[in-house]
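Trainee: Could you walk me through one part of this protein up close? I'd like to look at the sheet and what sits against it.

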Amino acid sequence: MKRVLRFAAFAIALGLSACATQYGSQDLTGGYDERELGPGIWSLLFAGNGYTTAETVQTFWLYRAAELTLQHGYAGFEIISDMSLISGDARADGARLYEISDRATFVPETLPPEGKPYLRGHIRMLKAPVFANPPRIFDAAALKAALEPLVKGPLCGGNVCPHVHSYLRPSLRS
């Protein structure tokens, strides 16, 4: 009986480890973790596993930041950490165009992942009115609405499906 239980536990662990991290609080396969540092200032982490794409981690991190902001009665948030968000738009040749600050770099889809992706950053929650200025300042309700179909909808191989990251562009601010 003990052998059967050990095998079942091993099979479950193996099954969990063969999937990309799902959106949710941190567990064995990854997830989000947050900590309040001061009034309206939060540290937020989203950790993936070896099957999770950086795009998924970033999307889930932004979604959790918006969700947490709204849960605490704020209208928006500002990313106060020194971090760059990537926006990737698919090209016809399979590469993706990643816009990082004011530079653009083509990255082939076939690059191997470098370890387990994660994103950690600090946000300052903002009261209304919020004048969104992505990729630093976001209207939480608008961002959550833009990301909800990606986070809660159908996934691609357990990850967020590749998409145009228009919510990160200042020209499309709310």
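Mentor: Sure, let's start with one pair of residues: Ile79 has Ile123 in strand 7 as its bridge partner. Keep in mind that this is a predicted model. That pair belongs to a longer seam, where strand 3 (residues 76-79) and strand 7 (residues 118-126) run antiparallel and are joined by four bridges.

Now zoom out a little. Strands 3 and 7 are part of an open, five-stranded sheet with antiparallel pairing, and its order is 1-2-7-3-8. Strand 1 and strand 8 (137-139) are the edges; each has a single partner strand, so one side of each has no neighbour in the sheet. From one strand to the next, the twist averages 30°.

Over at the strand 1 end, strand 1 (residues 31-38) meets strand 2 (residues 41-47) through seven bridges, again antiparallel. On that seam you'll find Arg35 opposite Ser43 of strand 2. The two strands form a hairpin with two residues between them, and there Gly40 adopts a positive phi near 75°.

Then there are the helices. Helix 2 (residues 54-71) lies across strands 1, 2, 3, 7 and 8, and runs at about 25° to strand 7. Helix 3 (residues 140-152) lies across strand 3 and strand 8, at about 75° to strand 8.

To place all this in the whole chain, the protein has three helices and eight strands, and from the N terminus the elements go α-β-β-α-β-β-β-β-β-β-α. As for burial, 40% of the 174 residues count as buried.

Methods:
Residues numbered from 1 in each chain as written. Predicted model: local features only at pLDDT ≥ 70, side-chain atom pairs only at ≥ 80, totals over all residues. Heavy atoms only, no water. Pairing = 2+ DSSP bridges. Buried < 20%, exposed > 50% of the residue type's maximum accessible area, 1.4 Å probe, protein only. Axes fitted to C-alpha atoms, helices over the stretch in contact; angles between N-to-C directions. Contact = heavy atoms within 4.5 Å.
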